[in-house]
Amino acid sequence: MPDIWQTLSAHLRATWGREPTFFVQAPGRVNLLGEHTDYNDGFVLPIAIDRAMRLAIAPSGDARVRLASLDLGQASEFDLAQPIARDPAAPWSDYVRGVATMLLDAGAVLAGFDAVLSGDVPIGAGLSSSAALEVAAARAFQAMSALQFDDVTLARLCQRAESEFVGVNCGIMDQFISLLGRRDHALLIDCRSLDYRQVPLPGDVRVVVIDSGVRRELVSSAYNERRAQCQEGVRRLRQHLPHIQALRDVTPADLARYGSELPPVVRRRCRHVVLEDQRVLDGVAALERGDGVADDVAVLGAALNASHVSLRDDYEVSCPELDVLAEAAWQQPGCLGARMTGAGFGGCTVNLVRADAVDAFVPAVQAAYQVQVGRVPPAFVCQAADGARATPANGTGPNLL
Ligand code: GLA
């Protein structure tokens, strides 16, 4: 049994005198392509990563949910039979409270549990540590209460927990991939229909994540502003294109024809989204062609690079530190593509690197960043992992890989 499960079990015993009955694990994610497209009904291509939120849980025997965070040294408790409020003293618990609220709202009958939790998804780095906690909570309730919801429904409920309970108006990508990720595969998600398809990743390519270390406060207001600008674009374009519901329905040709009538900022936001959807589909088509792997991955890599430029110049959600990381990566041999990933304004870049070049790639980008920014950015190679699991605690605990 990996140490972490022993550690969580020992704390569950020490804190509440209970033996765990389930181990729960929900991964973070890195998005390869398709940024700021999910809330425009578009396409995304994320992977679940081999870093996760982990819980050891035991039934509480009543309607109470008691949570202890090993990493923060904090506890929080709520009652499923009472109205559930946020906990300003332990805001991390709001993700669990929100999921409970949405499951109850959807008609679930929930049993309480005691849980000790710990995660190795860096917080605030754009790798979806909060979605990992929501999804872990959903799996925990599922294990304790034998819920019948399928994973797509759970993803929607977890997204609602974040937008309606926690108050961050996110799309569905993060919760979806944390639930439905697949080892060695990326997931092409159609964020309108919620259809999805596993896309195999080439064996000779590595996904490298490099953390700028930049954490910005105002991400959520800038995020909401972008959403509003996209909606404004749809509203205005509808004068010519009455059938459109979202930017997903606008083609590059539509934009070439009517874009000049939009205010310049709105035009740039729309251009990013419309072309980004196209990049996702082109990248996936290249990977799925499966002939001449090197060329196909080059198409995907070029799409990553173009995505970064578009996020920097048209969507304006990059920052100087992310630009330094992307530009340094582009210059390295064996780097197929690199870009900022997640909502932006800080956090990480995602880099597709030939396996035999990774050992030279990482220190070269770190050195360039140190020269220009003054610190060494943490970097790790991640593997595409399976989505969230709960397994009986008498076994070995869930594996991501
Ligand atoms: C955040 C949101 C996602 C998505 C990305 C941008 O991660 O939670 O839903 O919108 O930003 O692609």
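**Exercise 1. Place Glu 321 in the fold and work out whether it is buried or exposed.**

Step 1. Start with the secondary structure: Glu 321 sits in helix α10. (Helices are DSSP runs of H or I with at least four residues, strands are runs of E with at least two, and both are numbered from the N terminus.) Residue numbers count from 1 along each chain as its sequence is written. Keep in mind that this is a predicted model, where local features need pLDDT of at least 70, side-chain atom pairs count only at pLDDT 80 or more, and totals for chains, interfaces and linings use all residues, while side-chain values use heavy atoms, with hydrogens and water left out.

Step 2. Now the accessibility. Glu 321 comes out at 17% relative accessibility, so it counts as buried. (Buried is under 20% relative accessible area, exposed is over 50%, and partly exposed is in between, using a 1.4 Å probe and protein chains only.)

Step 3. What touches it? Skipping residues up to four places away in sequence, Glu 321 touches Ser 212, Val 214, Arg 216, Tyr 369 and Val 373. (Contact means heavy atoms within 4.5 Å.)

Step 4. Zoom out to the helix. Eight of the 11 residues of α10 are buried, leaving the helix mostly covered. Among them, next to Glu 321, are Leu 322, Asp 323 and Val 324.

**Exercise 2. Follow the chain out of α10 to Gln 332 and say which residues it touches.**

Step 1. Gln 332 belongs to the loop that links α10 (320–330) and β9 (335–340).

Step 2. Despite the loop setting, Gln 332 is buried, because its relative accessible area is 18%.

Step 3. Its contacts, not counting residues up to four places away in sequence, are Phe 361, Ala 364 and Val 365.

**Exercise 3. Which residues surround the ligand, and which polar atoms approach its oxygens?**

Step 1. List the shell: Arg 29, Glu 35, His 36, Asp 38, Tyr 39, Cys 170, Gly 171, Met 173, Asp 174, Tyr 223 and Ala 343. (A residue qualifies if one of its heavy atoms lies within 4 Å of the molecule.)

Step 2. Sort them by character. The shell splits into five nonpolar, two polar and four charged residues. (Ala, Val, Leu, Ile, Met, Phe, Trp, Tyr, Cys and Pro count as nonpolar, Asp, Glu, Lys and Arg as charged, and the others, Gly among them, as polar.)

Step 3. Go through the ligand oxygens. One is 2.7 Å from a polar backbone atom of His 36. On the side-chain end, an oxygen of the ligand is 2.5 Å from an N or O atom of Asp 38, and an oxygen is 2.6 Å from an N or O atom of Tyr 223. Taken alone, the ligand has 310 Å² of accessible area, and the protein covers 93% of that. (These areas come from the Shrake-Rupley method with a 1.4 Å probe; for residues, only the protein chains shown count as cover.)

Step 4. Pick one shell member and look behind it. Asp 174 is in helix α5, and at 17% relative accessibility it counts as buried. Leaving aside neighbours within four places in sequence, Asp 174 is in contact with Arg 29, Ser 128 and Ala 131.

**Exercise 4. Where are Asp 184 and Phe 345, and what is the sign of phi in each?**

Step 1. Recall the background: most residues other than glycine have a negative phi.

Step 2. Asp 184 goes against that sign, with a positive phi near 65°. Asp 184 is in the loop between α5 (173–180) and β6 (185–190), and is partly exposed, with a relative accessible area of 40%.

Step 3. Phe 345 also isn't a glycine, yet its phi is positive at about 65°. Phe 345 lies in the loop between β9 and β10 (348–354), and counts as buried at 15% relative accessibility.

**Exercise 5. Which residues touch the most other members of the largest nonpolar core?**

Step 1. This core has 54 residues, and the top contact-makers in it are Leu 55, Leu 67, Leu 103, Phe 113, Phe 141 and Phe 176. (A nonpolar core is a set of buried Ala, Val, Leu, Ile, Met, Phe, Trp, Tyr and Cys residues joined through side-chain atoms within 4.5 Å.) The biggest contribution comes from helix α3 (residues 129–145), with nine residues.

Step 2. Take Leu 55 as the example. Apart from neighbours within four places in sequence, its contacts include Trp 5, Phe 22, Val 116 and Ala 140.

Technical notes: Polar contact = N/O pair within 3.5 Å; in protein donor to acceptor, adjacent residues only side chain to side chain.
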